[in-house]
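Me: I would like to work through this model with some care, one question at a time. Could you show me the sequence and the structure before we begin?

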Amino acid sequence: MASKADAKKILELVGGKENVASVTHCATRLRIRLKDENRETIEEIRKIPGVLGIQKNVGELQVIIGPAVGDVYQKFIENGGFAVSKKINENLDGEKGSGVKAIINTFFEVMTGCISPVVYAFIVMGMFKSISAIFGPSLLGWMSAESDVYILLEGVSSAITYFLPFLLAYSSSQKLGATTTVSLVLAAILVSPTILGIVAAGEPFKVFGLFPMTLIDYSSTFLPIILIVAVQVYVEKLLKKIIPDVVKTILVPTLTVAVMAVLGLCILGPLGQWLGNGLAGAVMLLSEHAGWLEGALVGALYVFMVAFGLGGPVFLATFAVYTQTGADYLYFPYMVLYGMALVGVNLSYIIRNKAADEKQTGIVALASQLLGGVSEPTIYGVLFRNKVCLIVEVVACAIAGFYCGLTHTAVIGMTFGLPVVGSFLCFSGSTTANMVNGCISVAIAFILAMVGTLIFYRGKTE
């Protein structure tokens, strides 16, 4: 844990409280907005005990500390007399830049912000799906397909995917600033029995008798509702400006729903569905024809994707596939392999180091990875400070990824949030071969990373 002296030193090296515009923190980083960010002393922060590294963003200095960041933050604001701010979500994005780069980065940041909160629902789905897969007729056979327990387990998991537009309507409205209840109404329109009945009938239909509707089943989709909520924000702002206050409460939500029903069912919904299908098709084509190459490359480069915030586009494409097929071959398997490889590296790092501070760094990194799935302490505290460990991790993930891609192994349930066991369970729910090959891939990543670190990393004695 970082001491009070660490917080004082950080404040001193950033130029004191006079140079700090604001300060907040996420899961692992102290985030400081500076008035003057061109100070040579900032690089000295790297040398402070307890600091794993620093990263500069536009107008913001990120001091990477790890799980102890909450304590350091409290001491930092006490020393500087700053106001307490709300903890923010972890964000590994690099600089947004300007022009086209800024637009692209902002797009993926928004999309990830809309989707990320829903991942917890998929974790729940993965747990229920894994239980039904393991104890159901496809594996152990302890539950029959007609048993009430099995039917309920399958019902819970399928309900989450079916009503995905509702979950995304909520998270998107929170991220983008739309009225949440209106967003939920728009999601309800997409998956209402009436609309689904029109789609099933296959007969032409016009919204309000004027605008032709594209016949699409929006259950289990994700891009359409996000696009709808994004436009809803601007429609609401416009209506609030032009509608008198005396009738604003009634007319703003009513007219928003009327306008967005047309735009959603006729333009934005179909556009989102076509984009989602395009992403899914490209990913599935790559997985089908070059799975082994994709596996080796993504496995090897995953640590850099995390460190430099390059996972947004891949995550978006992955989510498109997962919501449509219930399985992912592109991203999630290599995220699991990467996590278990870090566990192996950290274990050997703790064993090989005799120096107390390095051993403590390994313990903090291991605990962060196992308990919270936070890999930054390992990236900046272990891998980027020790090239041998980084090389071992990259090679271990590349080999494990090669096998995973070669066997066309997919993640079925998002149980990888569970320490260790979840990394194996996430491959259950499909075929026995998928689960076996998934477990073999995880074992390869863990064993190679642990043994490789033990052999090639010498450790420090003082």
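Me: What is the relative accessible area of H408?

Reply: This is a predicted model, in which local features need pLDDT of at least 70 and side-chain atom pairs count only at pLDDT 80 or more, while totals for chains, interfaces and linings use all residues. Residues are numbered from 1 along each chain as its sequence is written, and side-chain values use heavy atoms, with hydrogens and water left out. H408 is found in the loop between α15 and α16, where helices (H or I, at least four residues) and strands (E, at least two) are DSSP runs numbered from the N terminus. With buried meaning under 20% relative accessible area, exposed over 50% and partly exposed in between (1.4 Å probe, protein chains only), H408 is partly exposed, and its relative accessible area is 35%.

Me: What positive phi does F208 have, although it is not a glycine?

Reply: F208 lies in the loop between β5 (206–207) and β6 (211–212). At 57% relative accessibility, F208 counts as exposed. Although it is not a glycine, F208 has a positive phi of about 55°.

Me: How wide an arc around the axis of α2 do its buried residues cover?

Reply: Helix α2 (residues 69–80) has twelve residues and reaches 16 Å from its first C-alpha to its last, close to the 16 Å expected at 1.5 Å a residue, where the expected span is 1.5 Å times one less than the number of residues. In α2, the residues V69, V72, Y73, F76, I77 and G80 are buried. They lie on the same side of α2, because the arc that they cover around the axis, taken from the directions from the helix axis to the C-beta atoms, is only 130°.

Me: Which helix gives the largest share of the largest nonpolar core?

Reply: A nonpolar core is a set of buried Ala, Val, Leu, Ile, Met, Phe, Trp, Tyr and Cys residues joined through side-chain atoms within 4.5 Å. Of the 45 residues in the largest one, Y302, V303, L337, Y338, V382, L383 and C389 touch the most other members. The elements that give two or more residues to this core are α4 (119–135), α10 (245–307), α12 (332–352), α14 (376–383), α15 (387–406) and α17 (432–456). The largest share, ten residues, comes from α12.

Me: How many residues of α14 are buried?

Reply: The buried residues of α14 are E376, P377, T378, I379, Y380, G381, V382 and L383. This helix is largely enclosed by the rest of the structure, because the number of its residues that are buried is eight of the eight.

Me: Which elements are included in what covers the buried residues of α17?

Reply: The 25 residues of α17 reach 36 Å from the first C-alpha to the last, close to the 36 Å expected at 1.5 Å a residue. Among the buried residues of α17 are N434, M435, A445, A449 and T453. What covers the buried residues of α17, with contact meaning heavy atoms within 4.5 Å, includes α12, α15 and α16 (421–425).

Me: Which backbone oxygen does the side chain of T453 reach?

Reply: T453 has its place in helix α17 and is buried, with a relative accessible area of 0%. Leaving aside its neighbours within four places in sequence, T453 is in contact with V345, S348, Y349, R352, C389 and V392. At 2.7 Å, the side chain of T453 reaches the backbone oxygen of A449.

Me: What separates the C-alpha atoms of L268 and V229?

Reply: L268 sits in helix α10 and is buried, with a relative accessible area of 12%. Leaving aside its neighbours within four places in sequence, L268 is in contact with P224, L227, I228, V231, M260 and L263. Although L268 and V229 are 39 residues apart along the chain, their C-alpha atoms are separated by 9.8 Å.

Me: How many disulfides does the structure hold?

Reply: A disulfide is a pair of cysteine sulfur atoms within 2.5 Å. C426 counts as buried at 0% relative accessibility, and its sulfur is 8.2 Å from the closest cysteine sulfur, in C439, which is too far for a bond. The number of disulfides that the structure holds is zero.

Definitions and conventions:
Polar contact = N/O pair within 3.5 Å; in protein donor to acceptor, adjacent residues only side chain to side chain.
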